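The following note sets out numbered points for a colleague who will work from these coordinates. It covers strand pairing, nonpolar cores and empty space, in that order.

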Amino acid sequence: MEAEVVVNNISKRFGDTVAVDRVSFEVYRNEVFTLLGPSGCGKTTTLRIIAGLERPDTGRIYIGGIDVTDLPPQKRDVCLVFQEYAVFPHMSVYENIAFGLKVRKASSDTVHRKVVEAAETLGLTQYLSSRAGGISLSEQQKIALARCMVVEPRVLLLDEPLTLVDARTRERMRRELREIQRKIGITMLYVTHDQLEALMLSDRIAVMNRGRLVQVGTPIEIYDNPQNLFVAQFIGSPTMNFIEGVLRKYGESFILERDDLKIPLDNLAEYYDLERLVDREVVVGFRPEDSSIDVKGTIEGSIELIEIVGDKLALHIRVSRDVILKVYTSIYEDISIGSKVRFLLNPSKVHVFDKATGRKPLLIGAK
Ligand SMILES: Nc1ncnc2c1ncn2[C@@H]1O[C@H](COP(=O)(O)OP(=O)(O)O)[C@@H](O)[C@H]1O
Ligand SMILES: [Mg+2]
């Protein structure tokens, strides 16, 4: 796979703040690669460094195989769509889209052809002669996108482009963005703090926390196999269930203990190096869909709340004084609040983290 963007070990400080801390990743040709993380984790700074608007303290940036670290933004063959997508409100939509091409002194035939084409792709044709400031925010966002598309950059950089549009429009725009990207075949580096957006839009996701890159993978890898506690906590809606406790070993059995709660971690030794964690604090996580109500289940609790989630029931089950776990079951299950139930965890979907480091003590070659 060919890398269009190579970010090699970049760091950036602002005074005492380490905004970006030794970050490396590659963006392949024609993929949508998303930087995902909470506000302040260094996403915008990373994007601005790639665009050439910020100089890294250390590290190099390569675009299309060329070291661009010392090149100004206009020589990098990228285009950045900002969070606040400044359109020129008094200019027409046409003039807005044409702007970058005119700056680059394209012939008027070329300008016209490309503007009309981009407007067509983005559904802006009917607005071409309207004043840009007079149309909706989502249409303005498309103008900002069109203005980048027409200059045909090697890489399109987008910094939380959908934050200003309302929730319903945002969902539609996500779908449309993905379709447009496929249609025009462009490499896209997308920034968002919204995990659902990232899971929906991306070919691959890089999760950031406090300036560090903590995991890179496809949406399914990130969702199904988070490599550390931060990613496990950040991804998924609802979030995973987490139980903190001490790992004990009795005979050949590993058990998570917390006060009166004892959770057998059978069959996990095939994935995890549990020996290493015996008598230490761990965090065990599992998603509601990775457990099932079963009379032979090894965990028991009483139902505190029943929620209808699509075609499933989410049971909130109290398993000890201070632990309530969410388990999905069929909507046809005959179950009522206050009743006792037993459930099982799917061992291949149980995640164990060392509480001290947040890491998964995986056996070499497992998962
Ligand atoms: N120009 C700047 N001057 C000082 N601090 C900055 C500047 N830009 C960003 N920061 C700080 O760097 C950190 C990362 O910021 P940013 O890259 O904007 O994060 P994100 O886009 O993920 O919200 C934050 O703590 C932010 O306050
Ligand atoms: Mg930002």
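1. In this predicted model, strands E1 and E2 form a hairpin with two residues between them. Gly15, in the turn, has a positive phi of about 60 degrees. E1 covers residues 3-14 and E2 covers residues 17-28; the two pair in the antiparallel sense over eight bridges. For orientation within this pairing, Lys12 stands opposite Val20 in E2.

2. The largest nonpolar core comprises 37 residues, of which Ile97, Val115, Ile143, Leu145, Leu156 and Tyr190 touch the most other members. At least two residues of this core come from each of the helices H2 (93-103), H3 (108-122), H4 (137-149) and H5 (167-184), and likewise from each of the strands E6 (78-81), E7 (155-159) and E8 (187-192). H4 supplies the largest share, six residues.

3. Val115 merits a separate look. Leaving aside residues up to four places away in sequence, Val115 touches Tyr94, Ile97, Ala98, Leu101, Leu128 and Val150. A second core, separate from that of Val115, has 30 residues, including Ile263, Tyr271, Tyr272 and Val341.

4. Val341 of the second core also lies in strand E19, residues 340-345, on the covered face with Phe343 and Leu345. The uncovered face of E19 consists of Lys340, Arg342 and Leu344. Strand E15 (residues 291-293) runs antiparallel to E19 and is joined to it by three bridges, with Ile293 opposite Phe343. Strand E16 (residues 299-309) also pairs with E19 in the antiparallel sense, over four bridges, and here Ser302 stands opposite Lys340.

5. Which residues line the largest cavity? The lining is made up of Leu122, Lys142, Leu145, Met173, Glu176, Leu177 and Ile180. The structure holds one cavity of 30 Å³ or more, and the volume of the largest is about 40 Å³. H4 and H5 each supply at least two lining residues, and the largest share, four residues, comes from H5. By class, this lining has five nonpolar, no polar and two charged residues. Leu145 thus appears both in this lining and among the core residues that touch the most other members.

6. The largest pocket has a volume of about 650 Å³. It is lined by 22 residues, and those closest to its centre are Val78, Cys79, Leu80, Arg104 and Cys148. E6, H2 and H4 each contribute at least two residues to this lining; E6 gives the most, with four. The lining divides into 17 nonpolar, two polar and three charged residues.

7. The second largest pocket has a volume of about 210 Å³. Its lining consists of Lys114, Glu117, Ala118, Thr121, Met149, Val150, Glu152, Pro153, Ile184, Gly185 and Ile186. H3 gives the most to this lining, with four residues. The classes here are six nonpolar, two polar and three charged. Val150 links this point to the third: it lines this pocket and is one of the residues that Val115 touches.

Conventions:
Residues numbered from 1 in each chain as written. Chains lettered and ligands numbered in written order. Predicted model: local features only at pLDDT ≥ 70, side-chain atom pairs only at ≥ 80, totals over all residues. Heavy atoms only, no water. Pairing = 2+ DSSP bridges. Core = buried A, V, L, I, M, F, W, Y, C linked by side-chain atoms within 4.5 Å. Buried < 20%, exposed > 50% of the residue type's maximum accessible area, 1.4 Å probe, protein only. Contact = heavy atoms within 4.5 Å. 1 Å grid on protein atoms, 1.4 Å probe; cavity = no way out; pocket = protein on both sides within 12 Å on 5 of 7 lines; lining within 4 Å. Points joined across faces, edges and corners; volume = space filled by probe spheres on them. Nonpolar A, V, L, I, M, F, W, Y, C, P; charged D, E, K, R; others polar.
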